[in-house]
Amino acid sequence: MDLQKISPWNWFRGENERRGDYLPAVRSEPLARLHREMDRMFEDFLGQSLQAEDGLLLRPKVDIAESNKAYRVSVEVPGIDSKDIELRIENDALVVSGEKRQESEQDDEGFHRVERSYGQFRRVLALPDDADPDNIEADFKNGVLKIRIPRNEESEKPGARKIEVKA
């Protein structure tokens, strides 16, 4: 029995590798310092970190679907411009990264509450063997990045070949 057929592909197997080139955004305003201090107190009390394992504050939600012809990946990135998003192929993985920048205005208004997070994000999606990385397409609209990853047909898979059955 081939367990790969009943087990879903592990899209996130390379995502937990730690990388030193992405750091959380540092906010210097007093309310942000208070927020970090409260997070630290909760971490001490609960014994766990409220940040993502890789140190990044932002971790966009990802939906993955498949059809016979393609994989469809949707990434929620509200409040981010398309120019601040980068898609790359690294070691048979699709890397979605970018940065959500805080808007800064020169008003004398003070914040009463800050709940939105700012900083860099990175999601790493391991591509299945039948994915065609050379023909990936991406569209960005209304804060959702939609990625279409075509699938190779059985005969086009690397190392795969059709065997004729004789009667």
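Asparagine 91 counts as exposed because its relative accessibility is 78%, where exposed means over 50% relative accessible area, buried under 20% and partly exposed in between, judged with a 1.4 Å probe and protein chains only. This residue lies in the loop between β3 (85-90) and β4, and its phi is near 50°, a positive value in a residue other than glycine. The model described here is predicted, so that local features need pLDDT of at least 70 and side-chain atom pairs count only at pLDDT 80 or more, while totals for chains, interfaces and linings use all residues. Residues are numbered from 1 along each chain as its sequence is written, and side-chain values use heavy atoms, with hydrogens and water left out.

**The chain as a whole**

The secondary structure comes to two helices and seven strands, which follow one another from the N terminus as α-α-β-β-β-β-β-β-β. Helices (H or I, at least four residues) and strands (E, at least two) are DSSP runs, numbered from the N terminus. Of the 167 residues in the chain, 29% are buried. The chain exposes about 12800 Å², and carbon and sulfur atoms supply 47% of this area, as computed by the Shrake-Rupley method with a 1.4 Å probe, in which only the protein chains shown count as cover for residues. Among contacts (heavy atoms within 4.5 Å) between residues at least 6 apart in sequence, 63% join residues at least 24 apart.

**Core and surface patch**

The largest nonpolar core has 18 residues, and those with the most contacts inside it are Ile147 and Ile149. Such a core is a set of buried Ala, Val, Leu, Ile, Met, Phe, Trp, Tyr and Cys residues joined through side-chain atoms within 4.5 Å. At least two residues of this core come from each of β2 (70-76), β4 (93-100), β5 (119-126) and β7 (144-150). When neighbours within four places in sequence are left aside, the contacts of isoleucine 149 include Trp11, Ala70, Tyr71, Val73 and Leu94, and also Leu127, Ala131, Asp132 and Ile136.

On the surface, Leu34, Met38, Met41 and Phe42 form a nonpolar patch with about 390 Å² of accessible area together. Patches are made of residues with over 30% relative accessible area and no salt bridge, with like charges joined within 9 Å and nonpolar side chains (Val, Leu, Ile, Met, Phe, Trp, Tyr) within 5 Å; a salt bridge is a side-chain nitrogen of Lys or Arg within 4 Å of a carboxyl oxygen of Asp or Glu. Phenylalanine 42 belongs to helix α2 (residues 30-46).

**Loop residues**

The table sets out four residues that lie in loops.

| Residue | Loop | Relative accessibility |
|---|---|---|
| Asparagine 91 | between β3 and β4 | 78%, exposed |
| Aspartate 130 | between β5 and β6 | 7%, buried |
| Asparagine 142 | between β6 and β7 | 73%, exposed |
| Glycine 143 | between β6 and β7 | 14%, buried |

Asparagine 142 has a positive phi of about 50° although it is not a glycine. Glycine 143 is 64 residues from glycine 79 in sequence, yet the two are 6.5 Å apart in space, C-alpha to C-alpha. Apart from its neighbours within four places in sequence, glycine 143 is in contact with Val75, Glu76, Val77 and Pro78.

The side chain of aspartate 130 makes a polar contact of 2.8 Å with the side chain of arginine 151. A polar contact is a pair of N or O atoms within 3.5 Å; within protein, one must be able to donate a hydrogen and the other to accept it, and residues adjacent in sequence count only if both atoms are side-chain atoms.
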